[in-house]
Amino acid sequence: MNQYKYLIIGGGAAGISAAETIRQTDKEGSMAIISDEPHPLYSRVMLSKPNFFLGQIPFEQIYLKSKDWYSTNKIDFLGGKKAVGLNTSENQLTLSDGSSVYYEKLLIATGVDARPWTVKGSDKKGIHYLRNLEDGIGIMEAIKNLEARPRGLASRAITIGGGFISFEMADLLKMAGLETTMILRESYFWEPILDEASGLMLENAMIKAGVKIIKNYEVTEVLGREKVEGVRGEASRPDLEASPRELSCDMIICGIGVVNPIEWLLKNGIATNKGVLTNEFMETNVPNIWSAGDIAEYRDILLEENVQMGNWVSAREQGRIAGLNMVRDSIASSENSVEASNKQAFKFVSFYTTQGFGTSIAFIGDVTPKPDRTIIKRGSPEINSYARFIIAHDEIEGATLINRNLEMTTISKLIESNMKVSEHVKEIEDVNFDLKRLV
Amino acid sequence: MANQKEYIRNRADSKISKIVVDRDLCIGAASCIAVSGETYELDNENKAVVTGADAADDSTLMMSAESCPTKAVLLFDKEGRKVYPK
């Protein structure tokens, strides 16, 4: 069969969440999930967590669905295939193996790709990204197989980039006993998402654990024959001198952001910006096509702007809303209902947490720095507990928390309530004030 | 695993009688809270704890467990059989 009532492109958190939601209402409608990976749903989040990475829990724990789950739920799993073409007037999708699949309702939940490092020599062996299960296994294997250095010296790893991949991977590399150096193009960690004070808190936690951090540094070339042996670089600012000129290493992990795989959608009328544009119902501009997860650039009705939120929790929620609207739309059209289907809007304060080096980090809502935004601070680096509330139009748009994750759910509720902050600045600034009283 | 915390559920309309959070697996992703903020909270170790074992109906509770990216939420029926993860 190559025609489905529900066709989902992407077998990750958003796609599966949509499938689960559809099946709660429509138990029989034909459904297929296309995934460019051969695996059933696994936890992308766990790829960079210590207990998985260091083999403290069984490998199988990474799988969140068994292969049976798909057949039990009457879902065809088209694994190892990629969607490469879309004909919206024929409701037809072309796959990488040349086959065609037809849909009534389509969900684009492809996720995004790791941004490739294009510096000279970046095609050498020993440079890793962390995007999928194969990448995670590849890093684990690489660490195991590193050749012993003379006189029992630890092998050396470099991480490139100043975001959560580098943060989590540096923690794991240290735990695995590697000498670890983090290279940042910026002048402090996680610039400009964090302020310098927050960035330095995280740097200090890493330095204390033995991570070397080189800032304001741009790698210009990866050294080595077939395999990486080191990097050469220069200062990322003209007023500074590069130090050191060269640095030896045995492996590199690269976490420099993401790219949106939308090229295949550009010729068929689907509106895109950075990602696939949708309204608050996760609908694209083309009838019968929705988008969810990291690739979706949706209308956020709480923030009143178009955003992409690349994290597990948001992907699950977006998938659920898309699935709900797909199944309701399907019921409405099959009943030939003249009334519009009962659509549900995606209204969700996204959050993302991570931990490493004995430090917890949480991002809530939209933390992107923009010119019209001001900051209210709560706590301080001195007490090792520091939050920043990002304010626009007298409302909280987002927050970054370091060692204050306990307040995450409360702050989410404050963002959702569109509370006017001007009357509460003193209370927010007072660490002894219980924020729950504002909810 | 040793570090598991159990929460008994006494809801008349429920087939699930026990929620277990595996604190070794929990990473504080808070996806369970996103699905059911009435059931869970994060504690000061950044782990999920159950504060409202009876707050959610079975299908919401099931979704909250399924949403966990580390399978740290386990659900048991009245006969003590594990209903999630299977």
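Let's start with the enclosed space: there are three cavities of 30 Å³ or more here. Keep in mind that this is a predicted model.

How big is the largest cavity? Its volume is about 90 Å³. The lining of the largest cavity is made of 14 residues. Nearest its centre you find C26(B), A30(B), C32(B), A48(B) and C68(B). By class, that lining has eleven nonpolar residues, three polar ones and no charged ones.

Next, the second largest cavity. This one holds about 50 Å³ of space. Both chains are in its lining. From chain A come S17(A), E20(A), T21(A), Q24(A), R316(A), E317(A) and R320(A). From chain B come V35(B) and M63(B). Which helices of chain A supply at least two residues each? They are α1, residues 13-25, and α7, residues 312-334. The most comes from α1(A), with four residues. The class split is two nonpolar, three polar and four charged. Compare that with the largest cavity, whose lining has no charged residues.

Why bother with probes at all? Because rolling a probe the size of a water molecule over the atoms shows where empty space is left.

Now the interface. In contact are 28 residues of chain A and 25 residues of chain B. The size of an interface is often given as the accessible area lost when the parts come together. For chain A and chain B, the buried area is about 2000 Å². Carbon and sulfur atoms give 57% of that area.

What about charge pairs? One salt bridge crosses the interface of chain A and chain B. Its partners are the side chains of K65(A) and E66(B), at 3.9 Å from N to O. Polar contacts between chain A and chain B come to eight residue pairs, with both residues at pLDDT 80 or more.

Which elements of chain A supply at least two residues each to the side that touches chain B? Four do: α1, α7, β21 at 351-356, and α8 at 408-416. The largest share is five residues, and α7(A) gives it. That side of chain A divides into eleven nonpolar, nine polar and eight charged residues. Note that α1 and α7 of chain A also each supply at least two residues to the lining of the second largest cavity.

On to an open space, the second largest pocket. About 810 Å³ of space lies in it. Its lining has 27 residues. Closest to the centre of this pocket are K65(A), W69(A), M62(B), E66(B) and Y84(B). You have met two of these already: K65(A) and E66(B) form the salt bridge. Two or more lining residues come from each of these elements: α1 and α3 (67-72) of chain A, and α2 (58-66) and β6 (82-84) of chain B. The largest share, four residues, is from α2(B). By class, the pocket lining has eleven nonpolar, seven polar and nine charged residues.

Last topic, the backbone. Most residues other than glycine have a negative phi, and most peptide bonds are trans. Here are some exceptions. The bond joining E191(A) and P192(A) is cis, with omega about 5°. Where is P192(A)? In the loop of chain A between β10 (179-183) and α6 (196-208).

Chain B has a cis bond too, from Y84(B) to P85(B), with omega near -10°. P85(B) sits in the segment after β6 of chain B. Remember Y84(B): this residue is among those closest to the centre of the second largest pocket.

Then there is N403(A). Its phi is near 55°, a positive value in a residue other than glycine. N403(A) lies in the loop between β25 (395-402) and α8 of chain A. And α8 is one of the elements supplying at least two residues to the side of chain A that touches chain B.

Note on methods
Residues are numbered from 1 along each chain as its sequence is written. Chains are lettered from A and ligands numbered from 1 in the order in which they are written. This is a predicted model: local features need pLDDT of at least 70, side-chain atom pairs count only at pLDDT 80 or more; totals for chains, interfaces and linings use all residues. Side-chain values use heavy atoms; hydrogens and water are left out. On a 1 Å grid over the protein atoms alone, a cavity is a set of points where a 1.4 Å probe fits but cannot get out, and a pocket is an open set with protein on both sides within 12 Å along at least five of seven lines; lining residues have an atom within 4 Å of a point. Grid points are joined across faces, edges and corners, and a volume is the space filled by probe spheres set on the points. Ala, Val, Leu, Ile, Met, Phe, Trp, Tyr, Cys and Pro count as nonpolar, Asp, Glu, Lys and Arg as charged, and the others, Gly among them, as polar. Contact means heavy atoms within 4.5 Å. Buried area is the accessible area (1.4 Å probe) that two parts lose on being put together, summed over both. A salt bridge is a side-chain nitrogen of Lys or Arg within 4 Å of a carboxyl oxygen of Asp or Glu. A polar contact is a pair of N or O atoms within 3.5 Å; within protein, one must be able to donate a hydrogen and the other to accept it, and residues adjacent in sequence count only if both atoms are side-chain atoms.
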